[in-house]
Amino acid sequence: VKEAEQEQNEPAPVPVKELMPERFQCDFVTQARQVHVTADVPIRVLTEGTFPLVRVQRRTFTNEERLTVYRRLFDSDTVYKYEYRPTKEAVVKEIEWLLQEPTAEEKKEFLEDPEESEETWAAYLQSRKDRIEELRQKYLSLPDDGSPLPFEPWDGALFTIRNGESPGMVVGVEYPTPMKMPSYGTLLEGRPVDYSREKEDGNDTYSVFSFDKRLDKPNVERIAPEDYGKAHAGVAITARQAAEAALAPLAGLGDFAVADILWSHDADDVAVAAGKIGKQAYLVRLTPIFHGASMPYCDMDAMDIPEDGGYTPSWCYEHVIAAVDGDGTILGMAWEGPLQETEVIADTTTLLPFEEVMDIFARQMNRIFSYEEAMHGSLTVSDVQLGLFRIREQGDMESGLLVPVWFITGAYRYASHPEEVHLYDNLSPIAVINAIDGNIIDVRNGY
């Protein structure tokens with residue numbers, strides 16, 4: 001704060017891009033485990049000016065804001081619901097499954113989760129009994145005259161907001177993916193269902209969660225920014241048009257930058273190998289902009305993990321991901337960890353010299369690959385971004401600070417098995433370095 005006051009009468013700060021080299025380059029071998037670390041990639045500076053220091057908190061959405069997005073997605077004031085319409089046969093099968101006593105192996109696997117205990121196991125067994133009684137009362141007590149069973153509406157549709165109001169709270173619906181459920185019947189999205197037109201395989205609806213996002217999957221590829229103006233093979237719209245379609249429903253609710261765009265389809269590895277693919281879509285990943293600076297995309301939930309186990313709330317890093325098909329239709333959209341600004345601590349920040357950042361990176365690599373179990377291999381940096389990132393105090397899941405960081409991703413290859421690649425991607429980056437003080441940020445903790 002004192003620095004900000006002192007700089008008020010000083011000349012305009014120099015844009016960060018002018019202070020940084022164009023490329024991130026290194027070539028060294030770690031001391032302990034002889035891991036060869038190389039990099040020669042452009043530095044992506046996520047601002048045209050300087051980076052601010054901003055205090056933020058979880059964003060609370062009003063009903064009107066949520067409905068605004070629904071109206072834009074569905075071109076209607078009606079918030080459509082999923083239908084839960086089981087068959088009587090499915091109900092009977094579910095009851096038969098619930099009546100089966102869980103095996104000792106199932107209990108063992110359950111209790112291996114540090115968040116579970118004998119108490120939660122007992123609660124799980126009771127929930128099975130309660131479900132049996134619910135099914136009997138709701139469905140099996142009805143006359144078996146061939147009439148349709150009643151349906152339950154599921155709140156929400158294709159748009160979800162998570163981590164928006166308080167720890168662990170969901171705004172919208174947590175599980176929007178339409179799917180064929182063997183025990184429950186068919187979950188259908190959108191307008192009232194005409195069952196005469198239902199496809200034999202259940203339904204043809206997809207949400208953002210139907211598609212793989214990991215780049216180590218054969219059915220996922222990242223589209224290079226220079227190719228955003230091209231249409232993917234066999235589809236009508238370009239990647240840039242898909243991004244425009246994803247941004248449209250969010251107009252007026254915040255400013256977003258396109259972090260990256262993937263092309264994905266829902267086939268598994270075996271199907272891909274056989275040349276079979278299913279529904280295809282652009283996956284547009286957006287991150288928020290604060291005072292002209294945006295964030296790297298990070299698909300991780302920060303949390304405090306108690307030593308004695310047990311449930312802990314999480315706080316994901318803000319991003320929006322939208323699945324847009326080849327015709328420009330939004331198949332699904334999720335807004336994760338939305339933030340709202342509470343205070344601008346400084347309009348501009350002083351960053352560490354680049355040479356010092358490189359020294360910190362090298363020390364961190366020696367630290368990471370110093371443990372005895374580490375295998376010899378090579379680490380290749382594939383992407384380096386300098387952008388804003390949310391950090392927090394331990395134990396605080398409600399407020400945080402946006403600071404500039406170096407966000408570095410890449411891939412590790414084992415010397416003994418070069419075909420095996422471990423991705424240090426947006427879920428688990430190689431390193432996140434505070435660009436102001438040089439501290440290493442653990443994305444799993446959030447500080």
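Two strands count as paired if DSSP finds at least two bridges between them; strands (E, at least two residues) and helices (H or I, at least four) are DSSP runs, numbered from the N terminus. The model is predicted, so local features need pLDDT of at least 70 and side-chain atom pairs count only at pLDDT 80 or more, while totals for chains, interfaces and linings use all residues. Residues are numbered from 1 along each chain as its sequence is written, and side-chain values use heavy atoms, with hydrogens and water left out.

**Exercise 1. Find the bridge partner of Val45 in β19, and describe how β2 pairs with β1 and with β19.**

Step 1. Start at Val45: Leu386 is its bridge partner in β19.

Step 2. Now take the strands as wholes. β2 and β19 run parallel, with 6 bridges between them.

Step 3. Turn to β1, which is antiparallel to β2 and joined to it by 7 bridges. Here Cys26 lies opposite Ala39 in β2.

Step 4. Look at the link: β1 and β2 make a hairpin with 6 residues between them, and Gln34 in the turn has a positive phi of about 55°.

**Exercise 2. Place Ala411 in the fold: is Ala411 buried or exposed, and which residues does Ala411 touch?**

Step 1. Locate the residue: Ala411 sits in strand β20, residues 399-414.

Step 2. Check the accessible area. Ala411 is buried because its relative accessible area is 10%, and buried means under 20%, exposed over 50% and partly exposed in between (1.4 Å probe, protein chains only).

Step 3. List contacts, that is, heavy atoms within 4.5 Å. Beyond residues up to four places away in sequence, Ala411 touches Ser378, Leu379, Thr380, Val421, His422, Leu423 and Tyr424.

Step 4. Follow one of these partners: Leu379, again leaving aside neighbours within four places, also has contacts that include Val37, Met365, Phe369 and Ile430.

**Exercise 3. Work out which elements supply the largest nonpolar core, and which gives the most.**

Step 1. Set the rule: a nonpolar core is a set of buried Ala, Val, Leu, Ile, Met, Phe, Trp, Tyr and Cys residues joined through side-chain atoms within 4.5 Å.

Step 2. The largest such core has 43 residues, and Phe24, Leu379, Trp406 and Ile430 are among those with the most contacts inside it.

Step 3. At least two residues each come from β1, β2, β3, α9, β19, β20 and β22. The most come from α9, with 6 residues.

Step 4. Inspect α9: its buried residues include Phe354, Phe361 and Met365, and the buried residues of this helix pack against β1, β2, β19, β20 and β22.
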